[in-house]
Amino acid sequence: MVQRRVPKVRDLAPLLQFKRPELDGRKRRLDAALTIDDLRTIAQRRTPKAAFDYTEGAAEKELSLARARQAFEDVEFHPSILRNVASVDTGVEILGGPSALPFGIAPTGFTRMMQTEGEIAGAGAAAAAGIPFSLSTMGTASIEDVAATNPGGRNWFQLYMWKDRERSMALVDRAAAAGYDTLLVTVDVPVAGARLRDKRNGMTIPPSLGIKTVLNAIPRPAWWIDFLTTEPLAFASLDRWSGTVAELLDTMFDPTVDFEDLRWISQQWPGKVVVKGIQTLEDARRVAELGVDGIVLSNHGGRQLDRAPIPFHLLPQVAAELGDQLEIILDTGIMSGADIVASLALGADFTLVGRAYLYGLMAGGREGVDRMIEILGSETERTMKLLGVSSVADLEPTHVTQLRRLLPVESSVPARTR
(Lines give C-alpha, C1' and ligand atoms only; values in the text may rest on other atoms or scores of the structure.)
Protein backbone atom coordinates (compact mmCIF):
# COMPACT_ATOMS: atom_id res chain seq x y z
CA MET A 1 0.00 0.00 0.00
CA VAL A 2 1.29 3.49 -0.85
CA GLN A 3 2.54 5.41 2.17
CA ARG A 4 1.50 9.09 2.21
CA ARG A 5 3.41 11.96 3.82
CA VAL A 6 3.28 15.71 4.02
CA PRO A 7 5.64 17.17 1.37
CA LYS A 8 8.64 19.11 2.68
CA VAL A 9 9.61 22.55 1.42
CA ARG A 10 12.95 21.28 0.12
CA ASP A 11 11.04 18.72 -2.00
CA LEU A 12 8.78 21.37 -3.49
CA ALA A 13 11.47 23.96 -4.24
CA PRO A 14 12.83 22.30 -7.42
CA LEU A 15 9.29 22.06 -8.80
CA LEU A 16 8.45 25.72 -8.27
CA GLN A 17 10.12 27.44 -11.21
CA PHE A 18 8.46 30.66 -12.29
CA LYS A 19 9.47 32.15 -15.62
CA ARG A 20 10.13 35.85 -15.74
CA PRO A 21 7.25 37.42 -17.67
CA GLU A 22 8.08 38.77 -21.14
CA LEU A 23 6.96 42.39 -21.25
CA ASP A 24 7.55 42.85 -24.99
CA GLY A 25 4.22 41.86 -26.53
CA ARG A 26 5.63 41.21 -30.00
CA LYS A 27 8.40 38.98 -28.68
CA ARG A 28 5.93 37.14 -26.46
CA ARG A 29 3.64 36.44 -29.43
CA LEU A 30 6.42 35.29 -31.69
CA ASP A 31 8.12 33.11 -29.08
CA ALA A 32 4.81 31.29 -28.63
CA ALA A 33 4.60 30.55 -32.38
CA LEU A 34 6.02 27.07 -32.94
CA THR A 35 4.86 26.51 -36.53
CA ILE A 36 4.02 28.51 -39.65
CA ASP A 37 0.36 27.80 -38.90
CA ASP A 38 0.85 29.54 -35.53
CA LEU A 39 2.25 32.59 -37.33
CA ARG A 40 -0.72 32.48 -39.68
CA THR A 41 -3.12 32.56 -36.72
CA ILE A 42 -1.36 35.60 -35.25
CA ALA A 43 -1.30 37.29 -38.65
CA GLN A 44 -5.03 36.82 -39.15
CA ARG A 45 -5.74 38.26 -35.73
CA ARG A 46 -3.68 41.38 -36.38
CA THR A 47 -4.38 42.17 -40.05
CA PRO A 48 -7.54 43.59 -41.64
CA LYS A 49 -9.51 41.05 -43.64
CA ALA A 50 -8.89 42.53 -47.09
CA ALA A 51 -5.10 42.54 -46.68
CA PHE A 52 -5.01 39.13 -44.99
CA ASP A 53 -7.26 37.58 -47.63
CA TYR A 54 -5.05 38.97 -50.39
CA THR A 55 -2.23 36.85 -48.93
CA GLU A 56 -4.32 33.87 -47.93
CA GLY A 57 -6.55 33.60 -50.97
CA ALA A 58 -6.16 31.86 -54.31
CA ALA A 59 -8.14 31.67 -57.54
CA GLU A 60 -11.80 30.66 -57.83
CA LYS A 61 -12.54 27.70 -55.51
CA GLU A 62 -8.90 27.68 -54.33
CA LEU A 63 -8.51 24.01 -55.26
CA SER A 64 -4.97 24.41 -56.63
CA LEU A 65 -3.65 25.73 -53.34
CA ALA A 66 -5.50 23.18 -51.23
CA ARG A 67 -4.24 20.32 -53.40
CA ALA A 68 -0.66 21.61 -53.30
CA ARG A 69 -0.70 21.69 -49.50
CA GLN A 70 -2.42 18.32 -49.29
CA ALA A 71 0.29 16.81 -51.50
CA PHE A 72 2.90 17.66 -48.87
CA GLU A 73 0.77 16.16 -46.12
CA ASP A 74 0.43 12.98 -48.19
CA VAL A 75 4.12 12.15 -47.78
CA GLU A 76 5.62 9.13 -46.11
CA PHE A 77 9.25 9.44 -44.98
CA HIS A 78 11.66 6.50 -44.84
CA PRO A 79 14.34 7.19 -42.23
CA SER A 80 17.73 5.54 -42.06
CA ILE A 81 18.86 4.62 -38.53
CA LEU A 82 22.20 4.57 -36.72
CA ARG A 83 23.71 7.43 -38.72
CA ASN A 84 25.92 10.12 -37.24
CA VAL A 85 23.77 13.25 -37.38
CA ALA A 86 25.37 15.19 -34.54
CA SER A 87 26.13 17.90 -37.07
CA VAL A 88 23.86 18.74 -40.03
CA ASP A 89 24.74 21.02 -42.94
CA THR A 90 21.63 22.72 -44.36
CA GLY A 91 23.61 24.88 -46.78
CA VAL A 92 23.34 24.61 -50.57
CA GLU A 93 24.85 26.15 -53.68
CA ILE A 94 22.13 27.59 -55.89
CA LEU A 95 22.41 29.60 -59.10
CA GLY A 96 26.09 30.29 -58.66
CA GLY A 97 26.09 31.28 -55.00
CA PRO A 98 25.58 30.00 -51.46
CA SER A 99 22.48 29.82 -49.31
CA ALA A 100 22.73 28.86 -45.64
CA LEU A 101 19.34 27.15 -45.87
CA PRO A 102 17.67 25.29 -48.75
CA PHE A 103 14.94 27.91 -49.14
CA GLY A 104 14.66 31.56 -50.07
CA ILE A 105 11.99 34.23 -49.89
CA ALA A 106 9.69 34.24 -52.91
CA PRO A 107 8.65 37.44 -54.71
CA THR A 108 5.42 38.91 -53.35
CA GLY A 109 3.49 41.94 -54.56
CA PHE A 110 2.00 44.84 -52.57
CA THR A 111 3.94 43.64 -49.51
CA ARG A 112 3.78 46.81 -47.41
CA MET A 113 0.00 46.55 -47.58
CA MET A 114 0.28 43.45 -45.38
CA GLN A 115 2.62 45.15 -42.89
CA THR A 116 4.35 48.49 -43.25
CA GLU A 117 7.92 47.17 -42.99
CA GLY A 118 7.30 45.18 -46.17
CA GLU A 119 10.18 44.09 -48.36
CA ILE A 120 12.76 45.84 -46.19
CA ALA A 121 11.88 43.46 -43.36
CA GLY A 122 12.11 40.49 -45.73
CA ALA A 123 15.42 41.56 -47.23
CA GLY A 124 16.91 42.30 -43.82
CA ALA A 125 15.85 38.93 -42.44
CA ALA A 126 17.21 37.16 -45.53
CA ALA A 127 20.52 38.98 -45.14
CA ALA A 128 20.78 37.94 -41.49
CA ALA A 129 19.97 34.31 -42.31
CA GLY A 130 22.20 34.11 -45.39
CA ILE A 131 19.42 33.19 -47.85
CA PRO A 132 18.22 34.79 -51.12
CA PHE A 133 15.52 37.44 -51.18
CA SER A 134 13.33 37.96 -54.26
CA LEU A 135 11.83 41.35 -55.08
CA SER A 136 8.65 41.40 -57.16
CA THR A 137 7.98 43.76 -60.06
CA MET A 138 4.89 44.63 -58.02
CA GLY A 139 6.91 45.23 -54.85
CA THR A 140 6.44 48.21 -52.56
CA ALA A 141 10.12 48.93 -51.92
CA SER A 142 12.51 50.18 -54.57
CA ILE A 143 15.10 47.99 -56.23
CA GLU A 144 17.82 50.19 -54.77
CA ASP A 145 16.44 50.21 -51.20
CA VAL A 146 16.29 46.41 -51.12
CA ALA A 147 19.87 46.21 -52.40
CA ALA A 148 20.96 48.64 -49.68
CA THR A 149 19.23 46.52 -47.03
CA ASN A 150 20.94 43.32 -48.23
CA PRO A 151 24.21 44.69 -49.67
CA GLY A 152 26.34 41.57 -49.36
CA GLY A 153 23.60 39.01 -49.89
CA ARG A 154 21.70 37.30 -52.69
CA ASN A 155 19.08 39.57 -54.26
CA TRP A 156 16.89 38.20 -57.05
CA PHE A 157 14.52 40.29 -59.18
CA GLN A 158 11.22 38.88 -60.43
CA LEU A 159 9.99 40.19 -63.78
CA TYR A 160 6.45 40.45 -65.11
CA MET A 161 6.55 41.43 -68.76
CA TRP A 162 4.14 44.31 -69.19
CA LYS A 163 2.51 45.60 -72.32
CA ASP A 164 4.88 48.56 -71.92
CA ARG A 165 8.02 46.53 -72.58
CA GLU A 166 10.35 49.48 -72.43
CA ARG A 167 9.20 50.17 -68.89
CA SER A 168 9.62 46.51 -67.94
CA MET A 169 13.18 46.35 -69.23
CA ALA A 170 14.04 49.63 -67.49
CA LEU A 171 13.35 47.81 -64.21
CA VAL A 172 15.57 44.93 -65.35
CA ASP A 173 18.39 47.38 -66.09
CA ARG A 174 18.01 48.95 -62.65
CA ALA A 175 18.17 45.53 -60.98
CA ALA A 176 21.33 44.64 -62.88
CA ALA A 177 22.92 47.97 -61.98
CA ALA A 178 22.03 47.39 -58.30
CA GLY A 179 23.85 44.05 -58.26
CA TYR A 180 20.95 41.58 -58.33
CA ASP A 181 22.42 38.25 -59.40
CA THR A 182 19.33 36.39 -60.69
CA LEU A 183 16.31 37.29 -62.83
CA LEU A 184 13.10 35.33 -62.20
CA VAL A 185 10.92 35.63 -65.30
CA THR A 186 7.32 34.77 -64.36
CA VAL A 187 5.46 33.19 -67.29
CA ASP A 188 2.08 32.08 -65.90
CA VAL A 189 0.28 35.43 -65.95
CA PRO A 190 -1.08 36.18 -69.45
CA VAL A 191 -4.06 37.52 -67.48
CA ALA A 192 -4.84 37.66 -63.79
CA GLY A 193 -6.56 34.72 -62.11
CA ALA A 194 -10.05 35.10 -60.68
CA ARG A 195 -9.19 35.98 -57.09
CA LEU A 196 -12.69 36.07 -55.71
CA ARG A 197 -11.79 37.06 -52.17
CA ASP A 198 -10.36 40.32 -53.47
CA LYS A 199 -13.54 40.97 -55.46
CA ARG A 200 -15.75 40.30 -52.46
CA ASN A 201 -13.60 42.43 -50.19
CA GLY A 202 -13.45 45.30 -52.69
CA MET A 203 -9.68 45.06 -52.51
CA THR A 204 -8.15 48.22 -53.97
CA ILE A 205 -4.64 49.65 -54.03
CA PRO A 206 -4.24 51.26 -51.56
CA PRO A 207 -6.97 49.80 -49.28
CA SER A 208 -10.16 51.86 -49.33
CA LEU A 209 -11.94 53.03 -46.20
CA GLY A 210 -15.45 51.70 -46.65
CA ILE A 211 -17.83 50.93 -43.75
CA LYS A 212 -16.95 47.22 -43.75
CA THR A 213 -13.23 48.06 -43.78
CA VAL A 214 -13.54 50.44 -40.83
CA LEU A 215 -15.60 47.97 -38.79
CA ASN A 216 -13.07 45.24 -39.49
CA ALA A 217 -10.23 47.57 -38.46
CA ILE A 218 -11.63 48.45 -35.03
CA PRO A 219 -10.11 45.40 -33.28
CA ARG A 220 -6.86 45.85 -35.24
CA PRO A 221 -5.76 49.42 -34.42
CA ALA A 222 -2.03 48.70 -34.62
CA TRP A 223 -2.23 47.89 -38.33
CA TRP A 224 -4.06 51.13 -39.13
CA ILE A 225 -1.77 53.23 -36.92
CA ASP A 226 1.23 51.81 -38.79
CA PHE A 227 -0.46 52.24 -42.16
CA LEU A 228 -1.54 55.84 -41.60
CA THR A 229 1.64 57.08 -39.88
CA THR A 230 4.22 55.73 -42.34
CA GLU A 231 5.07 56.63 -45.92
CA PRO A 232 2.17 56.00 -48.36
CA LEU A 233 2.40 52.85 -50.45
CA ALA A 234 4.50 53.37 -53.57
CA PHE A 235 5.10 50.94 -56.39
CA ALA A 236 7.54 50.57 -59.22
CA SER A 237 4.53 50.49 -61.53
CA LEU A 238 1.94 52.96 -60.23
CA ASP A 239 1.05 55.52 -57.60
CA ARG A 240 -2.61 54.70 -57.14
CA TRP A 241 -5.20 52.38 -58.63
CA SER A 242 -8.92 52.62 -57.94
CA GLY A 243 -9.88 49.12 -59.14
CA THR A 244 -9.15 45.67 -57.80
CA VAL A 245 -5.74 44.06 -57.96
CA ALA A 246 -6.87 41.66 -60.70
CA GLU A 247 -8.15 44.55 -62.83
CA LEU A 248 -4.83 46.32 -62.39
CA LEU A 249 -2.89 43.25 -63.50
CA ASP A 250 -5.08 42.79 -66.57
CA THR A 251 -4.26 46.32 -67.73
CA MET A 252 -0.54 45.70 -67.35
CA PHE A 253 0.37 42.11 -68.23
CA ASP A 254 1.19 41.24 -71.82
CA PRO A 255 -0.71 38.15 -73.03
CA THR A 256 1.36 37.95 -76.22
CA VAL A 257 4.67 36.92 -74.58
CA ASP A 258 6.03 33.72 -76.14
CA PHE A 259 9.18 31.57 -76.14
CA GLU A 260 11.02 33.90 -78.49
CA ASP A 261 10.30 36.79 -76.14
CA LEU A 262 11.68 34.70 -73.29
CA ARG A 263 14.86 34.07 -75.30
CA TRP A 264 15.20 37.81 -75.94
CA ILE A 265 14.68 38.70 -72.26
CA SER A 266 17.33 36.16 -71.25
CA GLN A 267 19.83 37.78 -73.57
CA GLN A 268 19.35 41.16 -71.87
CA TRP A 269 20.30 39.93 -68.39
CA PRO A 270 23.97 39.56 -67.34
CA GLY A 271 23.36 37.12 -64.47
CA LYS A 272 21.44 33.89 -63.95
CA VAL A 273 18.01 33.51 -65.58
CA VAL A 274 15.24 31.40 -64.03
CA VAL A 275 11.78 30.83 -65.50
CA LYS A 276 9.03 30.77 -62.88
CA GLY A 277 5.63 29.18 -63.45
CA ILE A 278 6.49 25.88 -65.17
CA GLN A 279 3.58 23.44 -64.83
CA THR A 280 4.19 20.70 -67.41
CA LEU A 281 7.12 18.50 -68.35
CA GLU A 282 6.82 19.59 -71.98
CA ASP A 283 7.20 23.28 -71.08
CA ALA A 284 10.13 22.43 -68.82
CA ARG A 285 11.81 20.74 -71.81
CA ARG A 286 11.20 23.74 -74.10
CA VAL A 287 12.57 26.18 -71.54
CA ALA A 288 15.63 23.97 -70.96
CA GLU A 289 16.34 24.12 -74.71
CA LEU A 290 16.63 27.90 -74.43
CA GLY A 291 19.61 27.44 -72.13
CA VAL A 292 18.22 29.16 -69.04
CA ASP A 293 19.90 28.44 -65.71
CA GLY A 294 16.88 27.22 -63.79
CA ILE A 295 13.13 26.80 -63.53
CA VAL A 296 10.62 27.21 -60.75
CA LEU A 297 7.91 24.57 -60.68
CA SER A 298 5.00 26.66 -59.50
CA ASN A 299 1.31 27.27 -60.08
CA HIS A 300 1.63 30.78 -58.63
CA GLY A 301 0.46 29.67 -55.21
CA GLY A 302 -2.85 28.62 -56.74
CA ARG A 303 -3.58 32.25 -57.63
CA GLN A 304 -3.84 31.88 -61.41
CA LEU A 305 -5.44 28.78 -62.94
CA ASP A 306 -7.55 26.84 -60.46
CA ARG A 307 -7.17 23.04 -60.78
CA ALA A 308 -3.63 23.60 -62.08
CA PRO A 309 -1.05 20.80 -61.74
CA ILE A 310 0.50 20.21 -58.32
CA PRO A 311 4.17 21.25 -58.53
CA PHE A 312 5.27 18.69 -55.92
CA HIS A 313 3.72 15.88 -57.99
CA LEU A 314 5.41 17.15 -61.16
CA LEU A 315 8.81 17.41 -59.48
CA PRO A 316 10.06 13.78 -59.79
CA GLN A 317 9.41 13.64 -63.55
CA VAL A 318 11.15 16.94 -64.24
CA ALA A 319 14.08 16.14 -61.96
CA ALA A 320 14.61 12.72 -63.54
CA GLU A 321 14.71 14.10 -67.08
CA LEU A 322 16.16 17.60 -66.70
CA GLY A 323 17.94 17.67 -63.37
CA ASP A 324 21.37 17.54 -65.00
CA GLN A 325 20.56 20.36 -67.44
CA LEU A 326 19.31 23.14 -65.15
CA GLU A 327 18.55 23.88 -61.52
CA ILE A 328 15.06 23.08 -60.26
CA ILE A 329 13.31 25.19 -57.64
CA LEU A 330 9.96 24.29 -56.10
CA ASP A 331 7.31 26.78 -55.02
CA THR A 332 3.65 26.58 -53.89
CA GLY A 333 2.20 25.03 -50.77
CA ILE A 334 5.30 24.87 -48.55
CA MET A 335 4.33 25.31 -44.90
CA SER A 336 7.02 23.41 -42.99
CA GLY A 337 10.61 22.27 -43.00
CA ALA A 338 9.36 18.74 -43.67
CA ASP A 339 7.82 20.03 -46.94
CA ILE A 340 11.20 21.50 -47.87
CA VAL A 341 13.07 18.27 -47.08
CA ALA A 342 10.58 16.19 -49.09
CA SER A 343 11.08 18.51 -52.07
CA LEU A 344 14.86 18.26 -51.89
CA ALA A 345 14.71 14.47 -51.60
CA LEU A 346 12.59 14.22 -54.77
CA GLY A 347 14.97 16.28 -56.86
CA ALA A 348 14.52 19.98 -56.12
CA ASP A 349 17.74 21.96 -55.77
CA PHE A 350 16.03 24.71 -53.78
CA THR A 351 12.63 25.95 -52.62
CA LEU A 352 10.85 29.29 -52.27
CA VAL A 353 8.38 30.35 -49.57
CA GLY A 354 5.84 33.13 -50.13
CA ARG A 355 2.83 32.88 -47.85
CA ALA A 356 4.94 31.61 -44.94
CA TYR A 357 7.05 34.75 -45.28
CA LEU A 358 4.00 37.01 -45.34
CA TYR A 359 2.45 35.27 -42.34
CA GLY A 360 5.63 36.03 -40.41
CA LEU A 361 5.64 39.62 -41.65
CA MET A 362 2.01 40.21 -40.65
CA ALA A 363 2.58 38.52 -37.28
CA GLY A 364 5.50 40.69 -36.27
CA GLY A 365 7.28 42.69 -38.96
CA ARG A 366 11.01 42.05 -39.29
CA GLU A 367 11.06 39.96 -36.11
CA GLY A 368 8.20 37.89 -37.50
CA VAL A 369 10.13 37.14 -40.68
CA ASP A 370 13.15 36.19 -38.56
CA ARG A 371 10.91 33.83 -36.60
CA MET A 372 9.54 32.31 -39.82
CA ILE A 373 13.06 31.55 -41.02
CA GLU A 374 14.00 30.17 -37.61
CA ILE A 375 10.97 27.84 -37.58
CA LEU A 376 11.52 26.52 -41.11
CA GLY A 377 15.26 26.20 -40.54
CA SER A 378 14.91 24.22 -37.31
CA GLU A 379 12.19 22.00 -38.82
CA THR A 380 14.41 21.33 -41.82
CA GLU A 381 17.39 20.41 -39.65
CA ARG A 382 15.34 18.22 -37.32
CA THR A 383 13.69 16.37 -40.22
CA MET A 384 17.08 15.71 -41.80
CA LYS A 385 18.44 14.33 -38.53
CA LEU A 386 15.43 12.07 -38.06
CA LEU A 387 15.89 10.80 -41.62
CA GLY A 388 19.52 10.02 -40.83
CA VAL A 389 21.13 12.48 -43.26
CA SER A 390 23.79 15.04 -42.38
CA SER A 391 23.68 17.18 -45.54
CA VAL A 392 21.19 18.20 -48.21
CA ALA A 393 23.24 16.26 -50.77
CA ASP A 394 22.51 13.02 -48.85
CA LEU A 395 18.75 13.30 -49.44
CA GLU A 396 17.51 10.77 -51.99
CA PRO A 397 14.15 9.84 -53.57
CA THR A 398 14.24 6.68 -51.45
CA HIS A 399 13.64 8.84 -48.39
CA VAL A 400 10.15 9.83 -49.59
CA THR A 401 7.00 8.23 -50.93
CA GLN A 402 4.25 10.43 -52.38
CA LEU A 403 0.87 9.05 -51.33
CA ARG A 404 -1.48 10.25 -54.04
CA ARG A 405 -5.16 10.93 -53.40
CA LEU A 406 -5.84 12.15 -56.93
CA LEU A 407 -5.00 9.75 -59.75
CA PRO A 408 -5.60 10.59 -63.42
CA VAL A 409 -8.41 8.77 -65.17
CA GLU A 410 -7.31 6.76 -68.20
CA SER A 411 -8.83 8.24 -71.36
CA SER A 412 -9.63 6.28 -74.50
CA VAL A 413 -10.56 9.39 -76.47
CA PRO A 414 -7.94 10.04 -79.17
CA ALA A 415 -6.36 13.47 -79.42
CA ARG A 416 -7.89 15.68 -82.10
CA THR A 417 -5.86 16.19 -85.24
CA ARG A 418 -5.19 19.80 -86.14
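Okay, helix 4 and helix 18. Helix 4, residues 49–56, packs on helix 18 at an angle of about 155°, with the axes 10 Å apart. Helices here are DSSP runs of H or I, at least four residues, strands are runs of E, at least two, and both are numbered from the N terminus. Axes are lines fitted to C-alpha atoms, for helices over the stretch in contact, and the angles run from 0 to 180 degrees between N-to-C directions. The pair is therefore roughly antiparallel; on that scale under 35 degrees is roughly parallel, over 145 roughly antiparallel, 65 to 115 roughly perpendicular, and the rest oblique.

Who meets whom? From helix 4 we have Phe-52, Thr-55 and Glu-56, and from helix 18 Arg-355, Leu-358, Tyr-359 and Met-362. Contact means heavy atoms within 4.5 Å. The residues of that contact split into 4 nonpolar, 1 polar and 2 charged. For those classes, Ala, Val, Leu, Ile, Met, Phe, Trp, Tyr, Cys and Pro count as nonpolar, Asp, Glu, Lys and Arg as charged, and the others, Gly among them, as polar.

Before I go on, the ground rules. This is a predicted model, where local features need pLDDT of at least 70 and side-chain atom pairs count only at pLDDT 80 or more, while totals for chains, interfaces and linings use all residues. Residues are numbered from 1 along each chain as its sequence is written, and side-chain values use heavy atoms, with hydrogens and water left out.

Helix 18 covers residues 355–387, and it has another partner in helix 3, residues 36–46: those axes come within 10 Å and cross at roughly 170°. So helix 3 and helix 18 are roughly antiparallel as well. On the helix 3 side, the contact uses Ile-36, Leu-39, Arg-40, Ile-42, Ala-43 and Arg-46. The helix 18 side includes Tyr-359, Met-362, Gly-368, Arg-371 and Ile-375. By class, that contact comes to 11 nonpolar, 2 polar and 3 charged residues.

Staying on helix 18, Asp-370 sits in it. Asp-370 has a relative accessible area of 28%, so it is partly exposed; buried is under 20%, exposed over 50%, partly exposed in between, with a 1.4 Å probe and protein chains only. Its C-alpha is 23 Å from that of Met-138, and the two are 232 residues apart along the chain.

Just past that helix, Ser-391 lies in the loop between helix 18 and strand 14, which is 400–402. Ser-391 counts as buried, at 18% relative accessibility. Leaving out residues up to four places away in sequence, Ser-391 touches Asp-89 and Met-384.

Leu-101 ties in here too. Leu-101 is in the loop between strand 3 (97–99) and strand 4, and at 11% relative accessibility it is buried. Its contacts, again skipping residues up to four places away, are Thr-90, Val-92, Ile-131, Phe-350, Ile-373 and Gly-377. From Leu-101 to Gly-368 we have 18 Å, C-alpha to C-alpha, across 267 residues of sequence.

For anyone who likes Ramachandran oddities, there are two to mention. Phe-110 has a positive phi of about 55° without being a glycine. Phe-110 is in the loop between strand 4 (103–105) and helix 6 (111–114), and it is buried, with a relative accessible area of 1%. Arg-307, also not a glycine, has phi near 70°. Arg-307 lies in the loop between strand 11 (294–297) and helix 16 (311–322), and at 49% relative accessible area it is partly exposed.

One more loop residue: Asp-164, between strand 6 (155–159) and helix 9 (165–177). Asp-164 is partly exposed, at 40%. The C-alpha atoms of Asp-164 and Phe-253 are 8.7 Å apart, with those positions 89 residues apart along the chain.

Zooming out, the protein has 18 helices and 14 strands. The radius of gyration is 23 Å, close to the 22 Å the globule rule gives for 418 residues, so it is as compact as a globular protein of that length. That radius is taken over C-alpha atoms, and the rule is 2.2 Å times the number of residues to the power 0.38. The C-alpha trace spans about 90 × 55 × 50 Å along the principal axes. Buried residues make up 52% of the 418. And of the contacts between residues at least 6 apart in sequence, 76% join residues at least 24 apart.
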